[in-house]
Amino acid sequence: MSPPVVVIPFVKASACGNDFLLIDSMNIEDSAAPADMAVLTRRLCNRHEGVGADGVEWMYPHPSADLEVRLVNADGSEAEISGNGTRCVAAYVCAEQGKETITIQTGAGLKTCVLTSRSESEYEFEVEMGEAVVGAELTLRMGTREVRGIPVSMGNPHYVVFVREFSGNWQGEAAQIQRSSEFKHGINVELVAVDGKHDVKARFFERGAGETQSSGTGSCASAVAAMVTGRAESPVRVHAPGGIQTVRKEGNTVFLRGAARLVCRGEFYLS
């Protein structure tokens with residue numbers, strides 16, 4: 001008799017086109033517990049031979065929050081936080097437990113998500129993202145050209161470059177910035193075009209995932225950089241290929257509002 005197939009249950013969710021697999025450690029049998037989380041995450045996120053996602057939010061019990069998450073990117077590297085991923089986790093908790101205020105312990109600290117609306121499997125949350133740390137303008141030498149950008153930390157590192165328009169090779173330019181020796185711990189790159197006092201357009205090139213349709217912390221970094229440099233005023237709508245997120249500041253605290261949709265649930269076969 002063949003041994004039983006070992007499976008890992010998952011829920012897939014998407015926030016403005018930024019997709020994640022949500023895996024509850026309480027639903028994993030001991031025989032399926034990952035010996036190497038990076039290797040397993042790469043398998044899960046493979047869009048041809050796995051489920052496909054920008055990353056996996058591994059979820060664990062926490063003594064004082066609703067749960068704790070550990071974010072692993074599609075390439076197996078770990079990240080401190082994803083704003084979009086955090087909203088996806090909040091949508092899962094809301095669906096499973098009916099809670100409308102959800103606390104999530106992330107690698108960038110405790111985040112509180114407040115449900116603002118719901119329609120079937122789509123949820124909108126506003127997340128208290130904490131304070132942004134904005135650095136002085138940093139100039140990078142990229143071959144024969146210079147790139148000027150604003151370093152911003154949202155608990156994870158960002159480099160925001162303001163542009164008039166997005167070039168046809170913006171992904172290559174962002175990848176080149178990402179390889180700069182200035183960024184010892186890697187960097188999330190945002191290219192941002194201002195489109196009014198309360199609107200910016202953004203493109204995202206993230207650590208461990210490359211181009212993404214959207215980014216929660218990247219939207220925060222983009223909006224805050226635009227505010228700090230006088231290019232925009234709170235609240236700022238960040239327009240990305242995957243949708244619109246709204247960033248506002250209350251004192252020094254940054255809040256992010258956007259949607260998250262539960263897509264499906266299933267089982268990944270370990271073999």
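These exercises work through helices, salt bridges, cysteines and loops in the structure above.

The model is predicted: local features need pLDDT of at least 70, side-chain atom pairs count only at pLDDT 80 or more, and totals for chains, interfaces and linings use all residues. Residues are numbered from 1 along each chain as its sequence is written, and side-chain values use heavy atoms, with hydrogens and water left out.

**Exercise 1. Helix 2**

Check the span of helix 2 against its residue count, then describe its burial and its two ends.

Solution.
- Step 1: fix the element. Helices (H or I, at least four residues) and strands (E, at least two) are DSSP runs, numbered from the N terminus. Helix 2 covers residues 83-97, which is 15 residues.
- Step 2: compute the span. The expected value is 1.5 Å times one less than the number of residues. For helix 2 that gives 21 Å, and the end C-alpha atoms are 21 Å apart, so the two agree.
- Step 3: count burial. Buried means under 20% relative accessible area, exposed over 50%, and partly exposed in between (1.4 Å probe, protein chains only). Twelve of the 15 residues of helix 2 are buried, so the helix is mostly covered. Among them are Gly 83, Arg 87, Cys 88, Tyr 92 and Cys 94.
- Step 4: look at the start. A side-chain oxygen of Ser 82 comes within 3.4 Å of the backbone nitrogen of Asn 84. A polar contact is a pair of N or O atoms within 3.5 Å; within protein, one must be able to donate a hydrogen and the other to accept it, and residues adjacent in sequence count only if both atoms are side-chain atoms.
- Step 5: look past the end. Gly 98 follows helix 2, and its phi is positive, near 75°.

**Exercise 2. Helix 3 and the loop after it**

Find the buried residues of helix 3 and what covers them, then place Ser 180.

Solution.
- Step 1: list them. In helix 3 (residues 170-178), the buried residues are Trp 170, Ala 174, Ala 175 and Ile 177.
- Step 2: view down the axis. These residues fall within an arc of 160°, so they line one face of helix 3. The arc is taken from the directions from the helix axis to the C-beta atoms.
- Step 3: find the cover. Contact means heavy atoms within 4.5 Å. The cover includes strand 10 (138-142), strand 11 (145-153) and strand 12 (157-162). It also includes strand 13 (188-194), strand 14 (199-206) and strand 15 (210-212).
- Step 4: move on to Ser 180. This residue sits in the loop between helix 3 and strand 13. Its relative accessibility is 12%, so Ser 180 counts as buried. Leaving aside neighbours within four places in sequence, Ser 180 contacts Leu 140 and Met 142.

**Exercise 3. Salt bridges**

Count the salt bridges and trace those of Arg 257 to Glu 124 and Glu 126.

Solution.
- Step 1: apply the rule. A salt bridge is a side-chain nitrogen of Lys or Arg within 4 Å of a carboxyl oxygen of Asp or Glu. The structure holds 14.
- Step 2: take Glu 124. Its side chain meets Arg 257 at 3.7 Å, N to O. Glu 124 lies in strand 8 (residues 122-131) and Arg 257 in strand 18 (residues 253-270), so the pair ties together parts 133 residues apart in sequence.
- Step 3: take Glu 126. Arg 257 and Glu 126 meet at 3.9 Å, N to O. This pair also runs from strand 18 to strand 8, so it ties together parts that are 131 residues apart in sequence.
- Step 4: check exposure. Glu 124 is partly exposed at 25%, and Arg 257 is partly exposed at 32%. Glu 126 is buried at 14%.
- Step 5: widen the view. Glu 124, Glu 126, Arg 248, Glu 250 and Arg 257 are linked in a network of salt bridges.

**Exercise 4. Cysteines**

How many disulfides are there, and why are Cys 113 and Cys 220 not bonded to their closest cysteines?

Solution.
- Step 1: set the cut-off. A disulfide is a pair of cysteine sulfur atoms within 2.5 Å. The count is zero.
- Step 2: test Cys 113. Its closest cysteine sulfur, in Cys 88, is 10 Å away, too far for a bond. Cys 113 is buried at 0%.
- Step 3: test Cys 220. Its closest cysteine sulfur, in Cys 113, is 12 Å away, again too far for a bond. Cys 220 is also buried, at 0%.
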